[in-house]
Amino acid sequence: MTISRSKKRHKVKTPGGRNVTHYKKKRPSYARCKNCGAKLNRPKLSVKQLKKLPKTKKRPERPFPELCSGCMRKYFKNKVR
Ligand SMILES: [Zn+2]
C-alpha cells in the first residue's frame with residue numbers, strides 16, 4: 001500500500017468484483033484567469049517541467065499576466081474612466 005499523496009488515487013472495480021485502489025500520476029491543471037476563470041494559453045506542465053522552459057513561454061509579456069487578455073482590457077478601461 002502506498003501512503004504517499006504525491007500520486008492520485010483511483011477506486012477501480014476489477015472484473016472479479018473486487019474494489020481496488022489504483023495509483024496514478026497527478027496531472028497538472030490549466031492556468032486560469034484570476035478574474036473570470038477562463039483557461040489561459042499556457043503550457044499545462046508541472047513545476048519541474050516549467051523550470052526548463054524559457055520565461056517568455058511561461059507567461060505573456062504584457063501587464064497582468066495572471067489575467068486573460070479580455071479582463072486586462074476591462075481593468076484598464078475601468079481605471080481610465
Ligand atoms: Zn478573465
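**A note on the predicted model**

1. Let's begin with contacts across the chain. Of the contacts in the protein chain between residues at least 6 apart in sequence, 22% link residues at least 24 apart. Please keep in mind as you read that this is a predicted model.

2. A word on confidence comes next. The mean pLDDT of the protein chain is 90, and 98% of the residues score at least 70. Among the elements, α2 has the highest mean pLDDT, 94, while α1 has the lowest, 88.

3. Now for the overall layout. The protein chain contains two helices and two strands, and their order along the sequence is β-β-α-α. If you follow the chain from its start, you therefore meet the strands before the helices.

4. The overall dimensions are worth a look. The protein chain has a radius of gyration of 20 Å, whereas a compact globule of 81 residues would have one near 12 Å. Along the principal axes, the C-alpha atoms fill a box of roughly 65 × 30 × 20 Å. Burial can be read alongside these values: 2% of the 81 residues count as buried.

5. Turn next to the two strands. Strand β1 covers residues 7-13 and strand β2 covers residues 19-25. The two pair in the antiparallel sense, over seven bridges. Two facing pairs help you find your way along the hairpin: Lys 8 stands opposite Lys 24 in β2, and His 10 stands opposite His 22 in β2.

6. How many residues lie between the strands in the hairpin of β1 and β2? There are five, and in this hairpin Gly 17 takes a positive phi near 95°. As for cover, β1 has hardly any, with a count of zero buried residues among its seven. The strand β2 is likewise hardly covered, and the count of buried residues among its seven is zero too.

7. Moving on to the helices, α1 spans residues 47-50 and α2 spans residues 69-80. With 12 residues at 1.5 Å a residue, α2 should span 16 Å; the C-alpha atoms at its ends are 17 Å apart, which agrees. Does α2 lie largely in the open or is it buried? The number of buried residues among its 12 is zero, so α2 lies largely in the open.

8. The loop between α1 and α2 holds two residues to pick out. One of them is Pro 60, which is partly exposed, because 15 other C-beta atoms lie within 10 Å and a residue needs 20 or more to count as buried. Pro 60 and Lys 39 are 21 residues apart along the chain, and their C-alpha atoms are separated by 14 Å.

9. The other residue to visit in the loop between α1 and α2 is Phe 64. What is notable about the backbone of Phe 64 is its phi, which is positive at about 55° although Phe 64 is not a glycine. Phe 64 has 17 C-beta neighbours inside 10 Å, so Phe 64 counts as partly exposed.

Definitions and conventions
Residues numbered from 1 in each chain as written. Predicted model: local features only at pLDDT ≥ 70, side-chain atom pairs only at ≥ 80, totals over all residues. Helix = DSSP H or I, 4+ residues; strand = E, 2+ residues; numbered from the N terminus. Expected span 1.5 Å × (residues − 1). Rg over C-alpha atoms; globule rule 2.2 N^0.38 Å. Contact = placed C-beta atoms within 7 Å. Pairing = 2+ DSSP bridges. pLDDT = per-residue confidence, 0-100.
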